[in-house]
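Q: Hey, could you walk me through this structure? I'm new to this, so plain words please.
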Amino acid sequence: MASIPGFRALFHLHRSLTFQCSFQRVPVQLMSPGFVRRLCTVTPTNTEPKPAATPENESLLENLNLMGVDVKMVRQRQPGVLRKTFTNENGLAQFLQSKGANHSMIASVISRYPRAITRSVEHLDQRWNLWRNIFQSDEEIVTILNRSPESFFRSSDNEKLERNIAFLTSLGLNSKDLHRLLTTAPRTFSNSLELNKQMVEFLENICVELGGRSPEQFAKDVISRNLYILIRSTKRVKANINSLKAFLKLSNSELLGLLQGPVADILDLSNEYLKKNFNSLQQKMILFGCRRSDIKKLIISYPVVLYTGSDTLSSKLDCLVNGGITMKQIVDKPKVLDYSIQNITTRLEKLESIGYDFQKNGIGILNYSQKRFDAKMEKLSASLEW
DNA sequence: CCAACCGGGCTCTGCCATAGGT
DNA sequence: ACCTATGGCAGAGCCCGGTTGG
């Protein structure tokens, strides 16, 4: 406790010194570009890399180093920031600290999104309050900010953010949805209002094209099912919808229904990835003797099967089949694909050791939670001893 | 009482390209 | 010429347990 005021005092002292340094350096910095240019014109054949037109702000560099910022990273990401005469790294640090961020977090945030230090404290305060409309605590915001500094800092327009929140609310997303949305895909709130509107309109149009009657509800359903939709391009979502329609030979009404359900979960995948996964799965299933209708059935009832990378999925299927489970059983109970290969392998071994018969007892036991599985195993083993 | 059904929780950034402003 | 703001991209699953129905 006692160390905090002490630290604050040091912080203030350092800050005021830095500001003084900055002001003293201003005339020097205003002079130097001309000086550099003169040098350049004298040696036009010079093949050395040209010195930057504006040099980096030395006191800023010093300050950032002191704060533990990775200046190399800053230079690589947003070099322009280092050439600015006036920056607000100390104000930012104090602000974030007051919200509960520690020093390494602050350094990391600046390293990853240097432009953060160009925002004024008033701006930060406003933005924070807007985020607080959705989050209950500062702590939650700090967590996200630390996870993705860019999401918080990339846009410098608080009014846009405000309109954006109003728009998302107007879609009928409840506060729980909004909270999930901002937690999961914080970039949504840094999108321009226009971009978010574009996606919503796109979804509404899809609904109408497919013969749906409540486009607003449709858009809302898709978004609340797949929180990543709003940070994807309409181009991507459109391509995926078309791919799915073609893969599965779906009618409009069939497609409409599916999109509002679990199929929405896979709409944000990258286009080629989705295609690749589909083709690979299809090939694999045909190899196992499945019919087209089986493939369709599996994907419709368990769309996230296409979320898994083709190699992983292929290994998982092999693992199940080698363990004595048929493709038909998998198609009927695709949830067995939920668990990791590691987990499945362990369970298959344990079940084999007690002679569990999947043909007789089904495969439901494979997607019990660990607790339930262990309890069941115990029971089965006990009954074997008699 | 048991297994099956079903939905939900966690969670997704960090980089590049470019239009447009100064 | 340089910078900021913004759009877009690739990347790639696992787990739990409340409720229901036989």
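Q: Where does Cys290 lie?
A: Cys290 sits in the loop between α16 and α17. Keep in mind that this is a predicted model.

Q: Is Cys290 buried or exposed?
A: Somewhere in between: Cys290 has 19 C-beta neighbours inside 10 Å, so it counts as partly exposed. A residue needs 20 or more to be called buried.

Q: What is Cys290 in contact with?
A: If you leave aside neighbours within four places in sequence, Cys290 is in contact with Met285, Ile295 and Met327.

Q: And how far is Cys290 from Gly323?
A: Their C-alpha atoms are separated by 18 Å, and the two residues are 33 apart along the chain.

Q: Ile295 came up just now. Which residues of α17 are buried?
A: In α17, which covers residues 292-301, the buried ones are Ile295, Leu298 and Ile299. Looking down the axis of α17, they fall within an arc of 90°, so they line one face of the helix.

Q: Why would residues a few places apart end up on one side?
A: An α-helix has 3.6 residues a turn, so residues three or four places apart point the same way.

Q: What do the buried residues of α17 pack against?
A: They pack against α14, α16 and α19, the last being residues 327-332.

Q: Let's try another helix. Which residues are buried in α7?
A: Leu124, Arg127 and Trp131 are buried there. Seen down the axis of α7, these fall within an arc of 70°, so they line one face of the helix.

Q: What's on the face turned away from the buried side of α7?
A: That face carries the exposed residues Glu122 and Asn129. On the buried side, the cover includes α5, α8 (138-147) and α10.

Q: How many residues does α7 have, and how far does it reach?
A: α7 runs over residues 121-132, so to speak a 12-residue helix, and reaches 16 Å from its first C-alpha to its last. That is close to the 16 Å expected at 1.5 Å a residue.

Q: What about α22, how far does that one reach?
A: α22 has 15 residues and reaches 21 Å from first C-alpha to last, close to the 21 Å expected at 1.5 Å a residue.

Q: How many residues of α22 are buried?
A: The number is zero, so α22 lies largely in the open.

Q: Zooming out, how many helices and strands are there in chain A?
A: Chain A has 22 helices and zero strands. Of its 386 residues, 23% are buried.

Q: OK, DNA next! Which residues come nearest to DNA strand C?
A: There are 36 residues around DNA strand C, and Gly80, Ser155, Ser156, Ser192 and Ser233 come nearest. The elements that give two or more residues to this surface are α4 (79-82), α12 (193-209), α14 (234-248), α16 (271-287) and α22 (370-384). α4 gives the most, with three residues.

Q: How do the residues near DNA strand C divide by class?
A: They divide into nine nonpolar, 16 polar and 11 charged.

Q: And which come nearest to DNA strand B?
A: Of the 18 residues around DNA strand B, the nearest are Ser148, Thr184, Arg187, Gly362 and Gly364. Two elements, α9 (149-153) and α11 (175-184), give two or more residues to that surface. α11 gives the most, with three.

Q: How many nonpolar, polar and charged residues does the surface near DNA strand B have?
A: Four nonpolar, six polar and eight charged.

Q: What's up with phi of Lys249?
A: Phi of Lys249 is near 50°, which is a positive value in a residue other than glycine. Lys249 is in the loop between α14 and α15 (252-260). Lys249 is also exposed, with 9 other C-beta atoms within 10 Å.

Q: Last topic: where is confidence lowest and where is it highest in chain A?
A: Confidence is lowest in α1 (residues 3-42), at a mean pLDDT of 31, and highest in α5 (residues 89-98), at 97. Over residues 1-52 the pLDDT is below 50, and that stretch has 18 contacts in the model beyond near neighbours in sequence.

Q: How should I treat a low-pLDDT part?
A: Where pLDDT is low, the predicted coordinates should not be read in detail.

Q: And what is the mean pLDDT of chain A?
A: The mean is 86, and 86% of the residues in chain A reach 70 or more.

Technical notes. Residues numbered from 1 in each chain as written. Chains lettered and ligands numbered in written order. Predicted model: local features only at pLDDT ≥ 70, side-chain atom pairs only at ≥ 80, totals over all residues. Near = placed C-beta within 6 Å. Helix = DSSP H or I, 4+ residues; strand = E, 2+ residues; numbered from the N terminus. Nonpolar A, V, L, I, M, F, W, Y, C, P; charged D, E, K, R; others polar. Buried ≥ 20, exposed ≤ 12 C-beta atoms within 10 Å, placed from the backbone. Expected span 1.5 Å × (residues − 1). Arc of directions from axis to C-beta. Contact = placed C-beta atoms within 7 Å. pLDDT = per-residue confidence, 0-100.
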